[in-house]
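Visitor: I would like to go through the charged pairs and burial in this entry, with the cut-offs stated as we go.

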Amino acid sequence: LSQVCQWLLSLDVSALCAQMLNHLFLLETAAKSMLIKQQIPLQILHKIILESDVCQQGQWSTGNALLKVCYTLMQTKPDASVSKNLVNLLVEYLKATKKSIFVTGQNFIVRYYSVCQVKS
């Protein structure tokens, strides 16, 4: 799984997007693993969200898969650095989608970030 994550990290954005749902499934699996540093799936998500047009496409299946990876990362009790980077990435995701439906998600992110700050 570690080698798969390194391979995903080495792919350019167009290659990641070509098989997006498959790659996101692999990222979710990596996010669940205690053997993979949480920063690696986060770096791949960062590349997908900030360097591609996936957010502007507005496909629910892709958006749900992206959020599922983020949720999985949250469930693994990330350290403060990963938590902060995850919150920042989710805020960027919300800005990029520009969908009013994500207001609830944004409120969740703010609450999650507040909890992480208290724990730190």
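Guide: Buried means under 20% relative accessible area, exposed over 50%, and partly exposed in between, computed with a 1.4 Å probe on protein chains only. This is a predicted model, in which local features need pLDDT of at least 70 and side-chain atom pairs count only at pLDDT 80 or more, while totals for chains, interfaces and linings use all residues. Residues are numbered from 1 along each chain as its sequence is written, and side-chain values use heavy atoms, with hydrogens and water left out.

Visitor: How many salt bridges does a search of the whole structure find?

Guide: A salt bridge requires a side-chain nitrogen of Lys or Arg within 4 Å of a carboxyl oxygen of Asp or Glu. With that criterion, the search of the whole structure returns 2.

Visitor: Is Glu28 buried or exposed?

Guide: Glu28 pairs with Lys32 at 3.6 Å, N to O, and Lys32 is exposed at 52% relative accessible area. Glu28 itself has a relative accessible area of 9%, and is therefore buried.

Visitor: Which residues are joined into one network by salt bridges that share partners?

Guide: Lys68 forms a salt bridge with Glu28, their closest N and O atoms being 3.7 Å apart. Because Lys68 lies in helix 6 (residues 60-75) and Glu28 in helix 3, this pair ties together parts 40 residues apart in sequence, helices being DSSP runs of H or I with at least four residues, numbered from the N terminus. Through shared partners, the salt bridges make one network of Glu28, Lys32 and Lys68.

How values were computed. Helix = DSSP H or I, 4+ residues; strand = E, 2+ residues; numbered from the N terminus.
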